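Colleague: I am new to reading structures like this one. Please pick a single part and go through it closely, then show how the rest connects to it.

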Amino acid sequence: MKILTAEQIREIDSKTIAYENISSLELMKRASKAFFDWFTARFTDKNLSISIFSGTGNNGGDGLVVARMLHKSGYKVKVFIVEYSQHYSEDCAHNIRRAKVENISVKKITSTGDIPSLSDCEIIIDAIFGTGLNREITGITREVIEKINGSGKKIISMDVPSGLSMEGKTHFAVQATETVTMQIPKLALYLPDNKNYTGEVHLVDIGLSKTAIDDAETSFYFVTKQEIKELLKPLEKFAHKGTQGHSLLIGGSIGKMGSVCLASRAALKTGCGLVTAFVPRCGTSVLQAAFPEAMVIEDQNNTHITEIDFDIHPDAVGVGVGLSELPETQHAFYRFLQQNTAPLVIDADGLNILSKNKEWLGILSSKTILTPHPKELSRLIGEWSEDYDKIYKVRAFAKECNLIIVLKGANSLIIDSENVYVNSTGTPALATAGSGDVLTGIITSLLAQGYEPLSAAKAGVFIHGLTANLSATKIHARSFLASDIIENIGNAYFEIEK
């Protein structure tokens with residue numbers, strides 16, 4: 001699914017009106033109806049007291065149409081027009097007149113004394129600004145938003161939280177509990193810097209022209225279940241372990257063998273036919289006791305890896321989990337990189353070693369997948385000022401080295417030399433020890449099964465996140481473990497293939 005800019009979305013709105021020969025009011029009604037349907041399915045108690053804050057533009061018009069629909073359905077609605085400008089869009093002005101005729105409470109806010117107390121309000125709907133805002137919020141609008149943010153009420157923003165910047169760092173905006181955005185994902189809604197503004201994000205279809213969306217060019221995409229469903233390979237009737245790929249997981253050191261156990265188990269659980277772990281001698285008994293399905297190759301050293309030498313021919317390799325950064329291990333890692341020809345995933349200590357020896361990046365095979373968390377990323381590419389700057393730097397890094405970067409976090413980003421993909425699955429439950437090790441095993445498994453590196457990265461991140469979504473009502477996010485991710489990989493496949 002395409003992620004588009006505010007300017008592109010405005011163009012698609014215009015093209016939808018032209019292609020379908022409808023009025024702008026009709027398109028506004030479609031958007032408002034989609035929000036109304038979402039809202040009434042979520043909040044069925046019509047005794048709730050709802051305050052809608054609208055602006056003077058078309059986003060304010062959306063809020064007014066929603067107010068009319070809710071009022072007609074029996075909800076208790078009050079509308080407050082934040083008059084940041086005396087110029088009203090034609091559609092907004094039209095819906096103010098309609099709301100007054102329908103006996104809906106509509107009050108203008110032009111000064112501090114007009115701002116309501118909100119003490120008797122239970123839900124606030126924010127429709128002050130849309131995606132077109134390109135300035136800092138000041139004056140009476142800022143005062144209103146400060147009052148909304150300090151209300152302690154549930155706040156639902158229409159399309160985007162008012163004040164959220166679509167192109168740079170946001171300094172002040174509505175702090176929504178939930179955001180209901182109109183059909184096309186907006187990058188700003190999924191960036192860590194904006195976590196205090198966006199809340200939980202929901203997409204609703206408002207019937208925009210498919211032709212107009214298809215014609216829009218972008219290098220940003222939102223990864224959906226449908227895309228992953230179409231990407232998954234069918235499981236052949238006569239498949240056997242020899243046809244399902246062989247993953248090699250290289251890592252571990254004394255005291256850090258759990259990471260290799262997790263990665264190896266995740267690789268097999270994701271569908272790989274064979275899994276071998278390459279570990280120091282201290283890890284052999286640990287692995288074979290904890291995970292008997294895996295095969296093990298021992299390093300000659302007992303406590304850490306000193307020479308990565310094997311006579312098997314894996315279809316993909318994951319390296320770095322629990323590896324350690326000892327000098328002998330770094331040398332062994334370098335020699336391995338020089339000789340490796342298999343598709344490769346590098347994580348954890350493998351990334352830390354690369355950050356200390358950046359000249360080694362030049363010997364990585366094309367489309368090697370790196371899976372850093374933010375701190376590991378900063379060691380590789382340096383610091384960044386805000387999320388848009390981070391994305392720019394990662395894209396440049398991926399292009400220069402011909403790599404695929406999986407930037408782990410809420411709404412993980414998958415970035416290659418051409419595009420940025422925003423993952424749509426996952427919850428805070430994934431912020432747990434070993435979660436990244438499991439992701440390495442999942443992606444390595446998909447590579448071994450014959451998926452192209454970009455497909456393996458997208459599908460792996462999606463499946464990894466989906467396990468947390470599916471477990472949300474069964475395992476509390478605070479109690480979720482990396483092993484719970486592994487246990488739910490099969491359920492994630494069921495959900496995708498439904």
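**Helix α3 and its surroundings**

Modeller: Just after helix α3, Gly 74 takes a positive phi of about 100 degrees. Keep in mind throughout that this is a predicted model.

Now go back into the helix itself. Helix α3 covers residues 58–72, which is 15 residues. From its first C-alpha to its last, α3 reaches 21 Å, close to the 21 Å expected at 1.5 Å a residue. Of the 15 residues of α3, 12 are buried, so the helix is largely enclosed by the rest of the structure. A residue is called buried when its relative accessible area is under 20%. The buried residues of α3 are Asn 59, Gly 60, Gly 61, Asp 62, Gly 63, Leu 64, Val 65, Val 66, Ala 67, Arg 68, Met 69 and Leu 70. What covers them includes two helices, α2 (24–42) and α4 (90–101), and the strands β1 (49–54), β2 (76–82), β4 and β5.

Two of those covering elements, β4 and β5, lead into a sheet. Strand β4 is made of residues 123–127, and it pairs with β5 in the parallel sense over 4 bridges. One matching pair is Ile 123 with Lys 154, the latter being the bridge partner in β5. Between these strands comes helix α5 (residues 139–149), and β4, α5 and β5 make a right-handed β-α-β unit. Strand β5 itself (residues 154–158) is mostly covered, with 4 of its 5 residues buried.

β5 also pairs with strand β6 (residues 178–182). These two strands run parallel and are joined by 3 bridges. Across this pairing, Ile 156 has Glu 178 in β6 as its bridge partner, and Ser 157 stands opposite Thr 179 in β6.

β6 deserves a closer look. In β6, 5 of the 5 residues are buried, so the strand is largely enclosed by the rest of the structure. In a regular strand the side chains alternate between the two faces of the sheet. Both faces of β6 are covered: Glu 178, Val 180 and Met 182 are buried on one side, and Thr 179 and Thr 181 are buried on the other. The sheet then continues to strand β7 (residues 200–204), which runs parallel to β6 and is joined to it by 5 bridges. There, the bridge partner of Met 182 is Val 204 in β7.

Another of the elements that cover α3 is helix α2, and aromatic rings are found there. The structure holds 12 aromatic pairs. In one of them, the rings of Phe 35 and Trp 38 have their centres 6.1 Å apart and their planes at 45 degrees, so the pair is tilted. Both residues lie in helix α2, 3 residues apart, about one turn of the helix. An α-helix has 3.6 residues a turn, so residues three or four places apart point the same way. Phe 35 counts as buried at 0% relative accessibility, and Trp 38 is buried too, with a relative accessible area of 14%.

For another example, take a pair elsewhere in the chain: the ring centres of Tyr 190 and Phe 222 are 4.7 Å apart and their planes are at 35 degrees, so this pair is tilted. The pair links distant parts of the chain, since Tyr 190 is in the loop between β6 and α6 (195–198) while Phe 222 is in strand β8 (residues 220–223), 32 residues apart. Tyr 190 counts as buried at 7% relative accessibility, and Phe 222 counts as buried at 8%.

Back at α2, ring pairs link Phe 35 and Trp 38 with Phe 39, Phe 43 and Tyr 75 into a cluster.

A ring can also have a charged side chain over its face. Arg 142 lies over the face of Phe 172, at 3.9 Å from the ring centre. Lys 233 is placed in a similar way over Tyr 451, at 5.2 Å from the ring centre.

To finish, here is a residue from later in the chain. Ala 459 lies in helix α16 (residues 453–471), and it is buried, with a relative accessible area of 0%. Leaving aside its neighbours within four places in sequence, Ala 459 is in contact with Ile 228, Leu 231 and Leu 446. The C-alpha atoms of Ala 459 and Val 223 are separated by 8.8 Å, although the two residues are 236 residues apart along the chain.

Notes
Residues are numbered from 1 along each chain as its sequence is written. This is a predicted model: local features need pLDDT of at least 70, side-chain atom pairs count only at pLDDT 80 or more; totals for chains, interfaces and linings use all residues. Side-chain values use heavy atoms; hydrogens and water are left out. Buried means under 20% relative accessible area, exposed over 50%, partly exposed in between (1.4 Å probe, protein chains only). Two strands pair if DSSP finds at least two bridges between them. A crossover is right-handed if, with the strands pointing away from the viewer, the path from the first strand over the helix to the second runs clockwise. The expected span of a helix is 1.5 Å times one less than its number of residues. Contact means heavy atoms within 4.5 Å. Rings of Phe, Tyr and Trp (its six-membered ring) pair if their centres lie within 6.5 Å; planes under 30 degrees apart count as stacked, over 60 as edge-to-face and the rest as tilted. A charge sits over a ring if NZ of Lys or CZ of Arg is within 6 Å of the ring centre and within 35 degrees of the ring normal.
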